[in-house]
Amino acid sequence: MLDRIDIHIEVPRVDYEKLSSDRMGESSVSIRERVQAARERQRIRFEETDVVCNSDMRVAEVRQFCKLDEAGDSLVRAAMCQLNLSARGYHRVLKLARTIADLAGSEDIQSVHLVEASQYRPKLML
């Protein structure tokens with residue numbers, strides 16, 4: 001199955017108006033700073049382990065470092081049914097949500113991080 005790939009993103013065609021607009025997106029410098037801060041959070045989080053980053057987490061580390069509140073737990077439960085997630089898919093969603101939370105500067109995984117992570121799962125064609 002496709003559970004070996006963490007992120008699936010459909011990239012639509014970009015409209016001319018967006019390409020020709022003067023509006024600027026987030027700068028590379030800003031993105032780099034967010035990524036460096038997220039990597040530092042992970043370094044500190046895992047300093048007592050042999051794990052380097054979120055994607056390296058095994059099941060035990062996912063259980064330890066990806067704790068969810070009641071709302072998050074309900075959301076993941078629903079996503080498991082709707083997306084027909086395997087155990088591997090479940091853990092990958094949690095690891096990706098942990099990374100999204102780190103990039104947002106959040107100590108805890110929030111529902112918004114789980115929603116975003118689950119949106120990156122492949123859309124199954126029936």
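A nonpolar core is a set of buried Ala, Val, Leu, Ile, Met, Phe, Trp, Tyr and Cys residues joined through side-chain atoms within 4.5 Å. Buried means under 20% relative accessible area, exposed means over 50%, and partly exposed lies in between (1.4 Å probe, protein chains only).

The model is predicted: local features need pLDDT of at least 70, side-chain atom pairs count only at pLDDT 80 or more, and totals for chains, interfaces and linings use all residues. Residues are numbered from 1 along each chain as its sequence is written, and side-chain values use heavy atoms, with hydrogens and water left out.

**Exercise 1.** Find which residues of the largest nonpolar core touch the most other members, and which helix gives the most to this core.

Solution. Step one: the largest nonpolar core has 17 residues, and M57, C66, L94, I109, L114 and A117 touch the most other members. Step two: at least two residues of this core come from each of α3 (59–65), α5 (87–103) and α6 (111–119); helices are DSSP runs of H or I, at least four residues, numbered from the N terminus. Step three: α5 gives the most, with 6 residues.

**Exercise 2.** State which parts the salt bridge between R45 and D102 ties together.

Solution. Step one: a salt bridge is a side-chain nitrogen of Lys or Arg within 4 Å of a carboxyl oxygen of Asp or Glu, and the structure holds 7 of them. Step two: R45 and D102 meet at 2.6 Å, N to O. Step three: R45 lies in helix α2 (residues 28–45) and D102 in helix α5, so the pair ties together parts that are 57 residues apart in sequence. Step four: both R45 and D102 are buried.

**Exercise 3.** Describe the salt bridge between D73 and R77 and the accessibility of each partner.

Solution. Step one: the closest N and O atoms of D73 and R77 are 2.9 Å apart. Step two: both residues lie in helix α4, 4 residues apart, about one turn of the helix. Step three: D73 is partly exposed at 36% relative accessibility, while R77 is exposed at 54%.

**Exercise 4.** Classify D50 and R58, which form a salt bridge, as buried, partly exposed or exposed.

Solution. Step one: the closest N and O atoms of D50 and R58 are 2.9 Å apart. Step two: D50 has 58% relative accessibility, so D50 counts as exposed. Step three: R58 has a relative accessible area of 44%, so R58 is partly exposed.
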